[in-house]
Structures are given as structure tokens and as C-alpha cells.
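Colleague: Please show me the model, and then let us go through its sheets, its domains and the surroundings of its ligand, one question at a time.

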Amino acid sequence: MDFKLTEEQELLFENLAELVEREWNESEYNDCYYNKHELPQRFIDALIENGFTMLGVPEEYGGTPVDYLTLVMYAKELARLTGANLPCASNAISIDDILSFGNEDQQKFILEYVAQHGTPPFALGFSEPQAGSDSSGILTTATRRDGKVYINGQKTMVTDADISPYLLCITRNLEGEVPMKSMSMWLVPNDAKGVRLEPMHKIGLKTGHFFEVYLEDVEVEESALIGVEGNGFMQLMKNFEIERLMLVAAGVGMAEAAFEEVARYANVREQFGQPIGRFQIIQQKLTDMAIKLENMKNYIYKTAWEKDNGISIMINSALAKRYCAIASFEVLDEAMQIMGGIGYAEESRISRMWLDVRHLRIAGGTDEIMVHIAGRQLLKKYR
Ligand SMILES: Cc1cc2nc3c(=O)[nH]c(=O)nc-3n(C[C@H](O)[C@H](O)[C@H](O)COP(=O)(O)OP(=O)(O)OC[C@H]3O[C@@H](n4cnc5c(N)ncnc54)[C@H](O)[C@@H]3O)c2cc1C
């Protein structure tokens, strides 16, 4: 296993760094984040123009295929260079379910939308008020009447339901004996009659929006089904392991950005007549942060390499998600400590990243659920 960048990777990341240098504007992003609550579309357009939003998408769909390791490195690097958690970093993974299981029309529509907007055209409607970590508790149904399909239920914490034209909605056949084998995946238009959105308010990730989505007798065509009825959960899970890596890769990137910023700050900020970096307690913080960064990078790169080499990442993706979600937040928290009061101000990038990184301990499977997944498997290995 060798994580030295290949020539292609070097070129890719040099191009990315140049693009960020040219197009990223920190105060414009802060305005998007704290005031407008919208994505930095001008920057995303620059990523689209330079082919980054189709990275990892197969060539036959008009993308630039790369391996998982490169994708994970890209998500980490984009977050490091911008200090932002941008949803467009993992398009290849987000749209893969539809490219793999959708029909030709659905694939065509998804690809055209991503090519134009740089983000997928759907929000994920999976969680429900009574069904978070335990997906088997899903109660949203799809039933047939007079040749039509009607969807009823409630989804919660749906990210960007308002700006996405569709909801990728997971329903369940309540009579099915095994819940995970009775789920189906539908592409529901968000402006259909019977869809109602109620805003919720997040403390971080403020360029995106959070919604309760109520579905009352929402009529959809049979053609809204994605893949095979009853296989919705399996289809959704196809990429969950690599999705977890992509999620935390952004956290690792933000932790690295924070480390670089506070290491510079510790060299110039003077108190008691000397740079605070001369105090050994600050050096200890930086040392522990550097160890965590190295461990996190090794963990996500190694797990992506395993996936690329056909090795099961069932355990390692859960361990990497748990370790990196916790460690990236610890690095951000120490970075805020080194900055002192200015690190707690909205004007500092550290406070913004601190808010963003915290969600990784919950979304995409909580820290505790990672134990639930990995713990039993670890024991099984030594039975
Ligand atoms: C920023 C953000 C964005 C999100 N976006 C979306 C989205 O777009 N679409 C969507 O469908 N969902 C989304 N979610 C929801 C997310 O998937 C859930 O929050 C997550 O699955 C946890 O479910 P829950 O919040 O209901 O917590 P619960 O499952 O109720 O858990 C509460 C606590 O109990 C613990 N717990 C639960 N079960 C166990 C167990 N077996 N062993 C030990 N501890 C356990 C949990 O770890 C947690 O600490 C988002 C969440 C966040 C924070």
C-alpha cells in the first residue's frame, strides 16, 4: 500500500488548488453561510466547468472515472482548501444508486441535472421521527389505487428538500415480514400535491436546509419507482460504506485546515511577551492534533484502498467513521482553544468548521451505531 500521489493525482490536486486560489472567496462564503443560507453557486459553477463535480462518475455517463482512494483524497482536499463542507464533493456516490438501478429516463435526468447544477436533484427521505438509527421502524407506505401509487408518511431531517426538485423517498410494505426486504425507493416530485415541508433549524452546515416532509396521499406514477420493489433498502445500502468514508473525509479536511491555520497563528500571536507557540502546553495541543490528523488520513486512505482492491470494508468503514468523526471534532475543538476568543467569533473560519464537523458524529450513522456495526463483527472474528 503506497499513498504517494500518482502523477494523475498530483495534477488533479494542483488544478484543484489553483481553482480554489482563483475562485474561492471566504467572505462571500461566510455571507452564503450565515446570512443567505445558500450554497456558493458561483464556486460550484467553477467546479462544474473544470469537471470536478463529475469526478468518479463512469465515462459512459460523461464523467471522469477515478478510484475510491482518489475520490476520498479529493473530498478531503476540497474541504482542506476551502474550510467548507460542500455537498458536491461526493456526487459520484450520491447518484450511483440511480445510475445503477434507475431506468434510462431517470439516469438521463439525473446526469443532466448534475451536469448543470453540480449537485444531485434529490433530497434523501429516509429518517422518520420514530425511525432514526433503527431503519426497520419506517412507516411511510406506497399503496396502489386505481392504477396509481399513493405515498403516505413523514420524513424528518431531510437536507435541502426545498431546493431539490425530488425526494428520494424510502417506503415500506408494512405487511412484509422482514422490514429491510420490504422497502422501496421512489423519486417523488417535491412540488406534487400532498407534499408539505416544515423547516427545522440546524446549528451548523448553514448553506443547507433541514425539513420535516409530510406526505399525504401523494400520487406518483409507477415510473417513479427506482429499481426493484422491495429492494429499496439494499439499493440504498450499496454505497453506504464508502459514503461514510466520503462524509468523514470532509471532516478530516476541515480538521487539517484548522490545524494549518492555528499552527500559523501560534507562531505570531504574542502573550506574556512571546508567541503562544513557545508555551509547551500549546505545543502539546498541536502535537496531539498532528497525531490525530495522521491517523485519520491513514485510516480513510487505507479503507478506500481496501475497497479498491476488493477487500471487505464492512468493519473498517465503521471504525474509520467512528474514529474520524470524533477525532476531527477534537482537533477543531483544540483549534478553537488555541485561537482563544477570536476562535469563537463568527468571523473566524474555525468556529464555522467546529459547527460543521460536529454533525459527523450523528449523520450517516451515529458514533454508537458504528460500535453496533463493528463491535459484533470484531468479536465474531475471534470466536
Ligand atoms: C446534519 C444532518 C443531516 C441529516 N440529513 C438527513 C437526510 O438528508 N435525510 C435523512 O433521511 N436523514 C438525515 N439525517 C438524519 C440522520 O440520519 C439521523 O439523525 C441518524 O440516523 C440518527 O437518528 P436519530 O437522530 O433519530 O437518533 P436516534 O436513532 O434516536 O439515536 C439517539 C441516540 O441513541 C443512540 N442509539 C440508537 N440506537 C442505538 C443502539 N442500538 N446502541 C447504542 N446506541 C444507540 C444513538 O447513537 C444516539 O446517541 C441527518 C442528520 C443530521 C444531523
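Colleague: Which residue in β3 does Ala 142 stand opposite?

Modeller: Before I answer, note that this is a predicted model, in which local features need pLDDT of at least 70 and side-chain atom pairs count only at pLDDT 80 or more, while totals for chains, interfaces and linings use all residues. Residues are numbered from 1 along each chain as its sequence is written. Strands and helices here are DSSP runs numbered from the N terminus, with E over at least two residues for a strand and H or I over at least four for a helix, and two strands pair if DSSP finds at least two bridges between them. β2 and β3 pair in the antiparallel sense over five bridges, Thr 141 stands opposite Asn 152, and the partner of Ala 142 in β3 is Ile 151.

Colleague: Which residue in the hairpin of β2 and β3 takes a positive phi?

Modeller: The hairpin has two residues between the strands. A positive phi near 50° is found there, and the residue that takes it is Asp 146.

Colleague: What is the order of the open sheet of four strands with antiparallel pairing?

Modeller: β3 pairs with β7 (residues 210–220) in the antiparallel sense over eight bridges, with Thr 159 opposite Phe 210. β6 and β7 pair in the antiparallel sense over six bridges, and there Val 195 stands opposite Leu 215. Together with β2, these strands form an open sheet in the order β2-β3-β7-β6.

Colleague: Which strands are at the edges of that sheet?

Modeller: In the order β2-β3-β7-β6, an edge strand is one that pairs on one side only. That description applies to β2 (141–145) and β6 (195–200).

Colleague: Why is one side of β1 and of β8 left without a neighbour in the sheet?

Modeller: These strands belong to an open sheet of four with mixed pairing, in the order β1-β4-β5-β8. β5 (residues 183–189) pairs with β8 in the antiparallel sense over two bridges, and Met 185 stands opposite Ile 226 in β8. One side of each is free because β1 and β8 (225–226) stand at the edges, each with a single partner strand.

Colleague: How many residues does each of domain 2 and domain 3 give to the contact?

Modeller: The domain assignment, which is automatic or taken from a database, gives domain 1 (7–117), domain 2 (122–226) and domain 3 (236–381). The centres of domain 2 and domain 3, taken over C-alpha atoms, are separated by 31 Å. Counting two residues as in contact if their C-beta atoms, placed from the backbone, lie within 7 Å, the contact takes six residues from domain 2 and seven residues from domain 3.

Colleague: Where does the ligand's shell lie with respect to the domains?

Modeller: With a residue counted as near if its C-beta atom, placed from the backbone, lies within 6 Å, 19 residues surround the ligand, the closest being Phe 126, Gly 132, Ser 133, Thr 366 and Glu 368. β1 (122–125), β3 (148–159) and α13 (367–381) each supply at least two residues of this shell. Because residues come from both domains, the shell lies between domain 2 (122–226) and domain 3 (236–381).

Colleague: What radius of gyration does the protein have?

Modeller: The protein contains 13 helices and ten strands, and its C-alpha atoms fill a box of roughly 80 × 55 × 40 Å, taken along the principal axes. The radius is taken over C-alpha atoms, and the globule rule is 2.2 Å times the number of residues to the power 0.38. With 383 residues, a compact globule would have a radius of gyration near 21 Å, which agrees with the value for the protein, 22 Å.
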